Amino acid sequence: MRLTVRTAAVGVVGGALLVGCGLTSGSPMVDDVKPGTIGKGQPLKGVDLTVTSKEFTEQLVLGAIMGIAFEAAGADVLDRTGIQGSIGAREAVKGGDADAMYEYTGTAWITYLGNSDPIDDPRKQWEAVRKADAKNGVSWLPPAELNNTYALAINQKNEAKYKPKTLSDVAALSKKDPKAVTLCVESEFSSREDGLPGMQKEYGMKIPNSNITKMDTGIIYTQVSKGSCTFGEVFTTDGRIKAMKLSVMADDKHFFPNYNVAPEINSKALEEHPKIAEVLDPITKKLNNTVAQELNSKVDVEGQDPHEVALDWMVQEGFVKEG
């Protein structure tokens, strides 16, 4: 259920369901870490902070990164990562059941703030989200380059056969040779306006329903790799793209929204502990799609634990020291 990158799980709405989302549970983070390039002087010493995240790989890693950063800065951290669905994690931060998470600008702009048209410029998208969300008691710190948006991918054999490079090429192929364009997508992507219907409309694609197969995220990657479907819906920061040697089609009309990751902080918590911003800022600046693919791959391809992957990266980058 990876589409929670940008959508909410059905039925998980509002504070009344927080117990059902698992938000009343959580465990203390107990990493033996000290300040490296971040957290010097332990500006959050003695502060209790709760971090949350959604349940897919990238979010679990980012949630751990945030929590480890707070630990190094002296905070006592409660780990409530892995919440199912966007709205569950969002409501935790908004309502104060959690203090912070890494969230995506496109998710906030479209899913939480109710806009239908994304803003093309990533920085302007973030600025619009920050301004609009302030009234909800949610503060946004500066965004990362990391942009986990939708894409279509193809395996090497089919790429050599059809030679598509862009979504416009896919549209042209769908008209020239309708049988050639088969799609593997998640069920939610197949019905969302910022998913398949909108993409087909923007690019003038006419792909018959018989050519579209709905399945879970992980299966999409393996089916595209095997060639069972020509194209599959993927996420641009997923480590399986590189591991399975898939090629991503360029969104040459810039249809898909920007989903840049940024710290989303409960405004009251940020007012009480403004040093949160300076602790996270250097880390956020380091996050890009290459880093995300590498970290996600360690979990999804190599089978490593998300928290350990996060800790190793934080040490490797010099942000924290162990022991």
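**Exercise 1. What covers the buried residues of helix 3?**

Work this out on the predicted model shown above.

*Step 1.* Start with the helix itself: helix 3 spans residues 105–112, and seven of its eight residues are buried. They are Thr105, Gly106, Thr107, Ala108, Trp109, Ile110 and Tyr112.

*Step 2.* Next, look for the cover. Among the helices, it includes helix 2 (86–95) and helix 4 (122–133). The cover also includes strand 3 (48–54), strand 5 (100–104), strand 6 (138–140) and strand 12 (261–266).

*Step 3.* Put this together: with seven of eight residues buried, helix 3 is largely enclosed by the rest of the structure. Just after the helix, Gly114 takes a positive phi of about 75°.

**Exercise 2. Find the buried residues of helix 7 and their cover**

*Step 1.* Go to residues 196–203, where the buried residues are Leu196, Gly198, Met199, Gln200 and Tyr203.

*Step 2.* Their cover includes helix 6 (167–176), along with strand 7 (150–154), strand 8 (183–185) and strand 9 (212–214).

*Step 3.* Now step past the end of helix 7: Gly204 has a positive phi of about 70° there.

**Exercise 3. Place Asp305 and decide whether it is partly exposed or buried**

*Step 1.* Locate Asp305 in the loop that runs between helix 12 (289–300) and helix 13 (306–316).

*Step 2.* Apply the cut-offs: buried is under 20% relative accessible area and exposed is over 50%. Asp305 has 42% relative accessibility, so Asp305 counts as partly exposed.

*Step 3.* Finally, check its company: Asp305 gathers with Asp32, Glu308, Asp312 and Glu322 in a patch of negative charge on the surface.

Methods:
Residues numbered from 1 in each chain as written. Predicted model: local features only at pLDDT ≥ 70, side-chain atom pairs only at ≥ 80, totals over all residues. Heavy atoms only, no water. Patch = residues over 30% accessible without salt bridge, like charges linked within 9 Å, V, L, I, M, F, W, Y side chains within 5 Å. Areas by Shrake-Rupley, 256 points an atom, 1.4 Å probe, with all protein chains shown as cover. Salt bridge = Lys/Arg side-chain N within 4 Å of Asp/Glu carboxyl O. Lys, Arg positive; Asp, Glu negative; His and termini not counted. Charge placed at Lys NZ, Arg CZ, Asp CG, Glu CD. Helix = DSSP H or I, 4+ residues; strand = E, 2+ residues; numbered from the N terminus. Buried < 20%, exposed > 50% of the residue type's maximum accessible area, 1.4 Å probe, protein only. Contact = heavy atoms within 4.5 Å.
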